Amino acid sequence: MKTSFKAFLSAALLSSNLSIATEDINSSKHLASYNSSSNFHHTLPQSKTMLNGKPGEFEVSLSISSEDLKDALSSRYLSLFNGRKECKLIRLNDIIKAFQAANSAQPKLIMPEAGPLFDWVKAEMSQMAINHPQLQFLVKEIDDDIISHRFDIGKLDSYGLRVLAAISTEPTPDALAVFKEFNGYKTDRNMRANWQSAFSTAEFIGNHSIYSHITMPPYISERLRKLLNKEMKNLVQSDVQYPIFDKGKLGLATLLEAFINRHYLIPISDKPQTAHGIPMTPFLFGYHDALHNEADMALKDGAFKTAAYHTLHRLAQGKIDVEQLVKPVAEFMVGKLKLIDKTMSNLLNLYFTHYLPQHSMTDLKKALVGFFEMVHEEFKISSKVFSLSNFDDILKDFLGEGPLEDKEIVVLNPEQEDILKTDPLSGVAALTSEAMLDALLAAGIPAKEQDKAYYPSELRFKRQDLEGRRYRIDVKEEPMLITVMLKVENGIEYTWDIYTLKYMLSESLDEVGLLKIAGIKIVPPSLTELGSENGREIALGYLADVEKSMELCRTAFKTSAFELIGAVPAGQQKSLWQNFWDKSMKLEKQLKTAAAQVE
């Protein structure tokens, strides 16, 4: 074990309530390893055959539980753990699990077990009402819910968002530009006007264009889909959003734990906050996080249902009593979903109990910044992960590729992102409207089509499609966003919303903050530099440096993640890799056996 970590861990444990003697940190009582390359003191297990790992890798981690270790570190490293204490107080995960165990069904909206949570929300809102008297209206409302035992779990995020709307003022145009794609202006205006209505958030939910993308197999009936959806709904844990009061920016580990466990946090604070480097009102800051939450839920839901429908369709071939396949397919799908989530949660824990003892805190932060970036900002999941038995392959699907150690870092050219050639200070484009259209079509950027709330996955027409036809190009330029609208004869319209270089510079401040956590310092260019003759080149060079540094963090996470799946969590006998493989094989065998019994 490295000396620096011994000192660090001793300090952390001394500041915690753990009953672990710091002078025994090096003893075999606390550390064990079966790998000649490890920095641990070697203590052979009683039976080598008990340690199952990925071939060639047999390592175990600190015997201190990950929860105890994170608790010990939480007060010292707020960039990682801010909000963790509040999440532990809520214990929403325990509430949901208890309710599911008692009812063997999806949590209902009205659940008495949530009573303590409503008491907590009331207390927090009462505290905020001292400085914001208008919140007494919501305190009275939740008090009525408590007295009447109306513990509607769906109102938790409603109360949080309504608090934020009640204390918010008119946002700036720059802030609203971030939410253009999601009807942000309308949502913000209506929420601030109607926050006293319990139904105000219903309109908020219906105002944005995040949808689950589901690919349907051929020849599967709507009746079968409905039966499968109902069966899975009774088995899968609900995604739940809930407020965290008096917190703005939450810690990376806090957010990662929440996302992985499908508990989505909405920070509730009246303190100034920024998102994408732009000052936000309290409501828009919470709205920003809520949109991230809903995007995550939509992506997971789309991949899950696509895989479920295709699995049912595959097994139904040649079968007569296909309805009998619904339950085993639902059980397989939910079992695989829970296994993936649990393995990802254990992977996160191993960064503390296994990765940190062998590396520095800076190394850990760099890897977790990469982890956060991949999960929070660039998350992707395909339906094929539910058919994979090897966790290496699932990580490759999540991350795009395998370990990148010793490979050259290749990043996007920021100039290719700013295709309209905009000014870094004003956001004004240097191109004519025709040149803008040419640039958009040449880049193949999808256009939002008339009466559609979403962008298609690809551009559906080319420049030559306009030949011989009348059309007009309307351009609306704002500092953060340029809207290009193409109106073609016969009423056809196409719209592009393109962020400017000024917006990219603002957005980069969030990444600069993350890089600071990772120990990488990048200084944004000054206004004087951006206003100089070569200001655009300075801005593009700075953005390239930010992207390259962020890619270093992504690489640190990708490389370490593939290594850690061969590690054995404390108290376990198998590595993450082996445990996932074994349980995947069991689920697949159960599904195959059940399908074989259907005529």
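Which residue in β8 is the bridge partner of K476? In this predicted model, the answer is T483. That pair belongs to a strand arrangement that is worth walking through, but the overall picture of the chain comes first.

The protein chain runs to 599 residues, and 53% of them count as buried. Its secondary structure adds up to 23 helices and 10 strands. Taking contacts with a separation of 6 or more, 71% are between residues 24 or more positions apart. About 28,100 Å² of the protein chain is exposed, with carbon and sulfur atoms supplying 51% of that area.

As for confidence, the mean pLDDT of the protein chain is 81, and 81% of the residues reach at least 70. Helix α1 (residues 3-14) has the lowest confidence, with a mean of 45, while helix α21 (residues 527-530) has the highest, at 96. The trouble at the start of the chain goes past α1: pLDDT is below 50 over residues 1-59, a stretch that still has 110 contacts in the model beyond near neighbours in sequence. Residues 402-411 also stay under 50, and here the model has 17 contacts beyond four places in sequence.

Back to the strands. An open sheet is built from 4 strands in the order β6-β9-β8-β7, with antiparallel pairing. Its edges are β6 (448-449) and β7, each of which pairs on one side only. Strands in a sheet pair through backbone hydrogen bonds, and the pairing may be parallel or antiparallel. Strand β7 (residues 471-477) pairs with strand β8 (residues 481-488) over 7 bridges, in the antiparallel sense. These two make a hairpin, with 3 residues between them, and the K476 and T483 bridge is part of the match between β7 and β8. On to the next pairing: β8 meets strand β9 (residues 492-499) over 8 bridges, again antiparallel, and here V484 stands opposite W496 in β9. Helix α19 (residues 433-443) lies across β7, β8 and β9, and runs at about 95° to β7.

Salt bridges come next, and a search of the whole structure turns up 28. Two of them involve the elements just described. D497 and K180 meet through their side chains, with an N to O distance of 3.3 Å. D497 sits in strand β9 and K180 in the loop between α9 (173-177) and α10 (184-194), so this salt bridge ties together parts of the chain 317 residues apart in sequence. D497 is buried, with a relative accessible area of 19%, just under the 20% cut-off, whereas K180 is partly exposed at 37%. The other pair is R463 with E434, whose closest N and O atoms are 2.6 Å apart. R463 is in the loop between β6 and β7 and E434 is in helix α19, so the pair links distant parts of the chain, 29 residues apart. R463 has a relative accessible area of 27% and counts as partly exposed; E434, at 33%, is partly exposed as well.

A further salt bridge stays within one helix. The side chains of E67 and K70 meet at 3.2 Å, N to O. About one helical turn separates them, because they are 3 residues apart in helix α2 (residues 66-74). K70 is buried, with 0% relative accessible area, while E67 counts as partly exposed at 32%. The pair is also part of a network, in which salt bridges with shared partners join E67, K70, D71, R84 and E257.

Finally, a look at the backbone. For most residues other than glycine, phi is negative. H149 is not a glycine, yet has a positive phi of about 60°. H149 is in the loop between α7 (136-147) and α8 (155-166), and counts as exposed at 55% relative accessibility. D246, not a glycine either, has a positive phi of about 60°. The loop holding D246 lies between β2 (240-245) and α13 (252-260), and D246 counts as partly exposed, with 49% relative accessibility.

Terms used
Residues numbered from 1 in each chain as written. Predicted model: local features only at pLDDT ≥ 70, side-chain atom pairs only at ≥ 80, totals over all residues. Heavy atoms only, no water. Buried < 20%, exposed > 50% of the residue type's maximum accessible area, 1.4 Å probe, protein only. Contact = heavy atoms within 4.5 Å. Areas by Shrake-Rupley, 256 points an atom, 1.4 Å probe, with all protein chains shown as cover. pLDDT = per-residue confidence, 0-100. Pairing = 2+ DSSP bridges. Axes fitted to C-alpha atoms, helices over the stretch in contact; angles between N-to-C directions. Salt bridge = Lys/Arg side-chain N within 4 Å of Asp/Glu carboxyl O.
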